[in-house]
Every structure is written in structure tokens, then in C-alpha cells.
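Hi,

Here is the structure I promised to pass on to you. Please open it alongside this message, and then read on for what turned up in it.

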Amino acid sequence: MLPKLPSAEVRPLSSNSEITTPVVDTAREELLVAIKSSLGDAVVDSHLKPGDDIWIRVRNDAWQTSIKKLRDINSFDYFCFLSAIDWMPSPYGRGEDDPTEPAPQRDMTIRSGYAGGETRMQVFVRIVNSKTHIGLNVKADVADATPTIDSLITVFAGANWHEREAHEMFGIEFAGHPDLRKMYLPVDFEGHPMRKDFPLLARMVKPWPGIVDVEPLPGGDDSGDSSDGDAS
Amino acid sequence: MLGDRQQLSYIAAQAADARLNLELETEGMTLNIGPQHPATHGTLRIIARLDGEQVVWAEPACGYMHRGYEKLAEVRTFPQVTTLVNRIDWLGSFANEVPFILAAEKLMGVEAPTRAQYIRTILFELSRIANVSLFLGDLGVQLGAITPVFLAFRDREYVLNLIESATGGRFHPNFDRIGGLKDDLPAGWIDETRAVMKKLRGFCDQIEDLLFGNEIFQSRTRGIGVIPRDVALQYGLSGANLRASGVDWDLRRDQSLPMMWNKADWKVWTHPDGDSFARCWIRLQETRESTKIVDQLLGSIPAGPVMAKVPKIIKVPEGEAWVSTENPLGEMGYYVVSRGDLGPFRVKIRSASFNNISITPWLLRGVYVPDIVTILASLYFILGDIDR
């Protein structure tokens, strides 16, 4: 029995255009208008980088319905990933402070990224149209005191593990998720490691030698801390 | 989604389980696979609840290799991050560096010289060949055929030698820099690579003969672990797993990046079946296509520098960027947030295996125990790529 030949035809390769950032991106601009009309007042803010990507921010209470509408009306049928961002600058900087000196003053004002934001933490998801291959980043604010948002499992089944990871790393509750067990960490681990106010203990106990970043000399020591690797 | 063979057999299995428990006071059995198992490419543990020979419920337990690269990246400078991301998918390390560097370059508005882009693309495809050729050999072992893995290790070595002679590292090249590459190619490398590509095409033919034409292999993989198109999209499967479900989508072709895939003539293969065989077959064809890409690009590398002018201390302007590429395992992307600092503010690593393996609780329902290994092998994951 011979392997079946695939049915798809060879598609012409895209023209060998040198990468140019188009100043006008009509495809994405039209898409953004269509998205706004299908979501209505659920869209709080949006940002478009021509030739690159679209960001929109939706209301927290309209999160699940918005993603469902985007899937059904605007045919964003591919679930890429879901994650969260903590916009608070880290109180520990990059962990390079001299422990003998008093702690330096840091600018702790919270600034959000594209498409704005009013809370410290945001959940964001990337969905893609599998026909046109145009992607869309959707963000939503989560309240500081009780970071809660609806689960996307009923819209994209693949959101399951991503929400478990975001719950574990950022402490965000996903309402309607059946099984928010820990994914990576031990069951009795306390805290949410990806929050900016969670210190990276490896940097706290031993000062980081790589403050000045230069190309290492051949034969020079490098202080890599990940010794995993060459398995299989 | 419901109503296909697996869901029905799952319901039947559950009903049978309940009836058995009532009448015979028997219980289902829980089978623990791993954390150390050759089918897991690392340390993945799978907990499967069985009813006789059928799986009623299965769930992978991750976290045995979680290294927290997203947190570590926040305290590193941009050039230092490549050392970390190298170790995500350790069989195709160079391919992990490229999307991160491209994201940083996108934020900075820097572009690598054309020669560097060519060499990047060639090394990217070489890491794909090294990675997938091991998959092809390993596949045989998991179905009880010993020979293919020896062929795979023999021929992968040629590719690793090439990567080593160009970058200095067999597994962890750490060769990509913001604005270009660390070094130019060594003398004689191009001719050697041509010879190796010829050998690798021979390897693909051998594997096709030994394995894909084998009746046992076909009966173990055909119709096993079928993923329909809409389920594949819902779970965010990527790479060969997605194309085996009939989705014609290859990021190398379908997005414009400063890489040189569109300078070569090659084909994106898809398969309508969505079963284990289709996934393996697509990977075999992709290895062949990769050797073609490398061959064509080798002939047209232009002369010139391999490094653009970038400052010694790299500060990346404020902004957010998403870049993903078609890595050996699937779509590997980085969502990089910069605050105009030396290091990234937040890096979200979207790795292919995480999505690819998150389908297993759905996919393993109702399958028979020997098929667990086949299905996991055909999904092809690497633990470092799941746990990050």
C-alpha cells in the first residue's frame, strides 16, 4: 500500500518582496473596523501597527462573548496562546543591586502597553484567522484585588492548559474553569512566581556577576545557571 | 466535536466501567507511564485510567523540567536571552533563537544583512533536519523497530557536525545576534553541506522504505489518533500536526519575515487524514523539503558582512512585538514587551509542544494501551518545549 498523496496543490510562493513596512495597511485597518462593528461597545481601546499586528482591549465582563464573536463573526478560528502581564515594574529591578548598599529608588508607576489598561495585571490572548493568517491580540483588564475573568474553555478548548498556567503564575482566577490545578510547581508552592513582586531568589542570595554585558572571551568562564540540556 | 469515534467509545468505556463496578465490584486500573519513558523525550508523566485495554481518561503531568525561562528572561539583557531559549527545544536549538532575535530586531528597527539572513535560514533548516531525523528514527523504536534509530543517529551526526563547525556548538549554538550572526561560515562549509544534504535525502528514502512502507507500521498508525481539522485549530496545534489535519498553513511561507525561505522553491505538504500516519508522513516530507531549501540557498548566498551596525550596549525601544516561526516542532513564538531597558520587561514564550500536547486528554480517550505510545510519538514533543 502506497502512502496517499496529499490533495493540496502547490501554491505559488509569495513574491520575493524585500521586507518593507507598509505605511498603509488597508487589510488590517478594514479588519479593525469590522471587529469594532461586531463587538460594539465591548472594545475599550485598540492599537494598530501597520504591517505588524492589531491589539484590542475589551471589557472584562465581555471577555468570553467577545472572543466567541471574534471566532464566529470575524473567523479568528485558531487559538495561539493565552497569558497574562503584570505591568508593575519589579521592585527588585533586574536583581543586580549591591546587597550592602541601601536599596535604590525605583520608578514604580504602572504603565500599560498597547491598547492601554487601567489595572496592574492584564490577561491577553492571541487568536489567528487560519485563512488569511492575520493575528489579533486581545487584552482585558483584571481587577487588582480579585483578579478574575471568564474562562475561554467553552470557546477554545485549547485554552485549558494556558489558563491553568496563567492561574499558577499570576494568580488569576478563571471563572468557569473546571480544573485549575497547578501545572508546573509543587502542590504546596505558595505565591505566584511571574508576578513582578515575587523575587527571583537565585538573584537574591548571590549577586549577579554579569552586570557589564560584553561578549565573553574564548575560554573565559561563563556563569550559566541552566545545566539542563543535552538529553536524548 | 462530539459524535466521532473516540467520544463514543469514551462514553461506552465509562458506561462499562460503571456497570463493572456495580456488578463485579471491580475497579478500573490506573496506569502510570513515565516520568522516564523513551516515548516522552524528557520527563513527561502520563496518568491513564484504564478499563481493560481501553483508556477511559488520561492526563499528562508536566512540570518535571520546568525551568522558568519567562521569569529568568526578565533579569537578563536581550543578548543574554538567546542562551536560555536555546535550551527550550534542545534538538533544534538554533531555531529557537531566531524568533526571539527577530522580535528584538523588529522593536529596534534593525535588520540583519542579506548574507546573515541567508545563513540564518540555512542553519534554521539544518536544525530542523537534525531534529526531525531523530524523530523519524525514534518513531521506529517506539513501534518495536530497532534499525531506523541507528540510521537516524548516524545521519543526524553529519548535520550536527555541520552546525558545530559553523557555530561552535553541537546542541546549543548561541550563534544568533541582534543585527546578524556571530561569525561567518568556515571555509569549505558549503561543499560539505551539499554532500550531507545528499546523504540526508538517502536517509529519508531509507526510512520511507524501512518504516513507512512497512505493513506493521501502517496498521499501527493508520486511523489511530485522528485529529479533525476544527479540533486541531481549537487546540492551537501547529507544524506538522496541523498540516496532517489538512490545514494548509506554514509560517515559513505565509508570513513575511526577514528570512530567505521565499527565495527557494519548495512545497508545503498537507495530508487529509489527521491520523498518526499522516503526522509522521508529513515530517518525512518536510525533511526532504528542508534539504531542498538548504541546497538552493547554498548556491545563492551573497557576499557581504554578517553583522549590521548595532551599538555595543543594546537598548531596545519601548513597545510590544510578536514574532513566530515555523520551528521543527511547530509554531514557536515570543511575545516580547520592552520598556526601553537593557532587558525585556516580559517575554511570553509560546512553544509548540505545549499546545500540541494539551490535546492529549481529548485524544487519548478510548484508545488502546499500545496506541498511547504511538500517538504520543506521532504528536512529537520535547519536554523542554512543554515546560520551558
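Below I go through chain A, then chain B. Please keep in mind that this is a predicted model.

**Chain A as a whole**

Chain A contains four helices and seven strands. Read from the N terminus, its elements follow the order α-β-β-α-β-β-β-β-α-β-α. The chain has 232 residues, and 31% of them count as buried. If you look at contacts in chain A between residues at least 6 apart in sequence, 62% join residues at least 24 apart.

**A covered helix in chain A**

A good place to start is helix H3 of chain A, residues 159-170. From first C-alpha to last, its twelve residues reach 16 Å, close to the 16 Å expected at 1.5 Å a residue. How many of the residues of H3(A) are buried? The count is twelve of twelve, and the helix is mostly covered. Among the buried residues are A:Trp161, A:Met169 and A:Phe170, but also A:His162, A:Glu163, A:Arg164 and A:Glu168.

What covers them? Strands S3 (78-86), S4 (121-128) and S7 (173-175) of chain A are included in the cover, and so is helix H13 (352-357) of chain B. Just past the end of H3(A), A:Gly171 has a positive phi of about 75°.

**Two loop residues with positive phi**

Most residues other than glycine have a negative phi. With that in mind, have a look at two places in chain A.

- A:Ser75 is not a glycine, yet its phi is positive, at about 50°. This serine sits in the loop between helix H2 (63-72) and S3 of chain A. A:Ser75 counts as partly exposed because it has 13 C-beta neighbours inside 10 Å.
- A:Ala115 also has a positive phi, near 70°, in a residue other than glycine. You will find A:Ala115 in the loop between S3 and S4 of chain A. Is this alanine buried or exposed? A:Ala115 is buried, because 22 other C-beta atoms lie within 10 Å.

**Helix packing in chain B**

In chain B, helix H12 (residues 276-298) is worth some time, and I looked at two of its partners.

The first pair is H7 (residues 189-212) with H12, both of chain B; their axes come within 10 Å and cross at roughly 165°. H7(B) and H12(B) are therefore roughly antiparallel to each other, and their crossing is left-handed. On the H7(B) side, the residues that meet H12(B) include B:Ile190, B:Met197, B:Leu200, B:Arg201 and B:Phe212. Across from them, H12(B) brings in residues including B:Trp281, B:Leu284, B:Arg288, B:Val294 and B:Asp295. Sorted by class, this contact of H7(B) with H12(B) has ten nonpolar, three polar and five charged residues.

The second pair is helix H5 of chain B, residues 114-142, with H12(B). Here the axes are 9 Å apart and the packing angle is about 150°, so H5(B) and H12(B) are roughly antiparallel to each other. Their crossing is left-handed. From H5(B), the residues that take part include B:Tyr118, B:Ile122, B:Glu125, B:Phe135 and B:Leu139. From H12(B), they include B:Cys280, B:Arg283, B:Leu284, B:Ile293 and B:Leu297. By class, the contact of H5(B) with H12(B) holds 14 nonpolar, five polar and four charged residues.

**An enclosed helix in chain B**

Helix H4 of chain B covers residues 93-108. It has 16 residues and spans 24 Å from its first C-alpha to its last, close to the 22 Å expected at 1.5 Å a residue. Why is H4(B) described as largely enclosed by the rest of the structure? Because 16 of its 16 residues are buried. Just after H4(B) comes B:Gly109, with a positive phi of about 75°.

**One strand residue to look at**

Finally, find B:Ile47 in strand S2 (residues 45-51) of chain B. B:Ile47 is partly exposed, because 14 other C-beta atoms lie within 10 Å. Leaving out residues up to four places away in sequence, B:Ile47 touches B:Thr30, B:Asn32, B:Ala58, B:Glu59 and B:Ala61. For a sense of distance, B:Ile47 and B:Arg243 are 196 residues apart in sequence and 28 Å apart in space, C-alpha to C-alpha.

Happy exploring, and best wishes!

Conventions. Residues numbered from 1 in each chain as written. Chains lettered and ligands numbered in written order. Predicted model: local features only at pLDDT ≥ 70, side-chain atom pairs only at ≥ 80, totals over all residues. Buried ≥ 20, exposed ≤ 12 C-beta atoms within 10 Å, placed from the backbone. Contact = placed C-beta atoms within 7 Å. Axes fitted to C-alpha atoms, helices over the stretch in contact; angles between N-to-C directions. Parallel < 35°, antiparallel > 145°, perpendicular 65-115°, else oblique. Left-handed = near helix turned anticlockwise from the far one by under 90°. Nonpolar A, V, L, I, M, F, W, Y, C, P; charged D, E, K, R; others polar. Expected span 1.5 Å × (residues − 1).
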